[in-house]
Amino acid sequence: MTRRMTDDRLLDIIEIWGAEAHGWPEAERAAAEALLAEKPGRFAPALAAARELDLMLGALPEPDMPRALTDAIIAAAPKPARGLLPRWGGMKAPWVPASGFAAAAFGLFMGLTIAPVASADDEVNAEVQELVISALGFEPANYTLEEME
């Protein structure tokens, strides 16, 4: 998508990015160059001022950054938060699977303890019992009796 270039936007680009088109934002460069070719006299003063500033900035020596200042800036930079996440094998929220397992266990417990009392129909009880046996792989009533013996 190409944006329509306006005179004001091209003046902003020249002021911000300088007189040389290769330094302008790539997304707007073609439209800016087309507008510049269309109205060269309109932007000549802005280009001249930008070239003068580019020359002045180019004449400046490279700043010598002391190593201690670099180290101090890096040391003062915010650090990423460290919490329990690396201990849980990269899971961002270790409580999510635990809460899902707890909800499933509670639902199963409630289903096993309340369902036989709530339904009086033997046929429904048989279907529920068959469903529980197929889900668990054993009959909970027999398991309880075996534990008591």
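Alanine 46 is in contact with Leu11 and Ile14, once its neighbours within four places in sequence are left aside. Alanine 46 has its place in helix H3. With a relative accessible area of 22%, alanine 46 is partly exposed, because a residue counts as buried only under 20%. Another alanine, alanine 19, stands 27 residues apart from alanine 46 in sequence, and their C-alpha atoms are 8.1 Å apart in space.

The model that shows these contacts is predicted. How far does the predictor's confidence reach? The mean pLDDT of the protein is 81, and 77% of the residues reach 70 or more. Among the elements, H1 has the highest mean pLDDT, 94, and helix H7, residues 140-148, has the lowest, 60.

The protein has seven helices and zero strands. Read from the N terminus on, the order of elements is therefore α-α-α-α-α-α-α. Of the 149 residues in the protein, buried residues make up 13%. Contacts can also be sorted by distance along the sequence: among those between residues at least 6 apart, 45% join residues at least 24 apart.

The next part concerns H1, H2 and H3. Start with H1 and H2, whose axes come within 10 Å and cross at roughly 110°. That angle makes H1 roughly perpendicular to H2, because angles from 65 to 115 degrees count as roughly perpendicular. On the H1 side of the contact are Asp7, Arg9, Leu10 and Ile13, which meet Glu28, Ala32, Leu35 and Leu36 in H2. Sorted by class, the contact of H1 with H2 has five nonpolar residues, three charged residues and no polar ones.

Now follow the chain from H2 to H3. The axes of helix H2, residues 26-38, and helix H3, residues 40-59, come within 6 Å and cross at roughly 110°. H2 is thus roughly perpendicular to H3. In this contact, Leu35, Leu36, Ala37 and Glu38 of H2 meet Pro40, Phe43 and Leu47 of H3. The residues of the contact of H2 with H3 divide into six nonpolar, one charged and no polar. Leu35 and Leu36 of H2 also take part in the contact with H1.

Charged side chains add further links. How many salt bridges are there? The count comes to four, and three of them are described here, beginning with lysine 39 and aspartate 7. The side chains of lysine 39 and aspartate 7 meet in a salt bridge of 3.2 Å, N to O. Lysine 39 lies in the loop between H2 and H3, while aspartate 7 lies in helix H1, residues 7-17, so the pair ties together parts that are 32 residues apart in sequence. Lysine 39 counts as partly exposed, at 30% relative accessibility.

Aspartate 7 also meets arginine 42, side chain to side chain, in a salt bridge of 3.4 Å, N to O. Here the partners lie in two helices, aspartate 7 in H1 and arginine 42 in H3, so parts that are 35 residues apart in sequence are tied together. The relative accessibility of arginine 42 is 39%, so arginine 42 counts as partly exposed.

Another salt bridge joins the side chains of glutamate 28 and arginine 9, at 2.7 Å, N to O. Because glutamate 28 lies in helix H2 and arginine 9 in helix H1, this pair ties together parts that are 19 residues apart in sequence. Are glutamate 28 and its relative accessibility of 7% on the buried or the exposed side of the rule? Glutamate 28 counts as buried at that value. Arginine 9 is partly exposed, with a relative accessible area of 25%. Both residues also appear in the contact between H1 and H2.

Some of these salt bridges share partners, and they join Asp7, Lys39 and Arg42 into one network. Taken by location, that network involves helix H1 and the loop between H2 and H3 through aspartate 7 and lysine 39, and helix H3 through arginine 42.

Note on methods:
Residues are numbered from 1 along each chain as its sequence is written. This is a predicted model: local features need pLDDT of at least 70, side-chain atom pairs count only at pLDDT 80 or more; totals for chains, interfaces and linings use all residues. Side-chain values use heavy atoms; hydrogens and water are left out. Axes are lines fitted to C-alpha atoms, for helices over the stretch in contact, and angles run from 0 to 180 degrees between N-to-C directions. Helices (H or I, at least four residues) and strands (E, at least two) are DSSP runs, numbered from the N terminus. Angles under 35 degrees count as roughly parallel, over 145 as roughly antiparallel, 65 to 115 as roughly perpendicular and the rest as oblique. Contact means heavy atoms within 4.5 Å. Ala, Val, Leu, Ile, Met, Phe, Trp, Tyr, Cys and Pro count as nonpolar, Asp, Glu, Lys and Arg as charged, and the others, Gly among them, as polar. Buried means under 20% relative accessible area, exposed over 50%, partly exposed in between (1.4 Å probe, protein chains only). pLDDT is the predictor's confidence in each residue, from 0 to 100.
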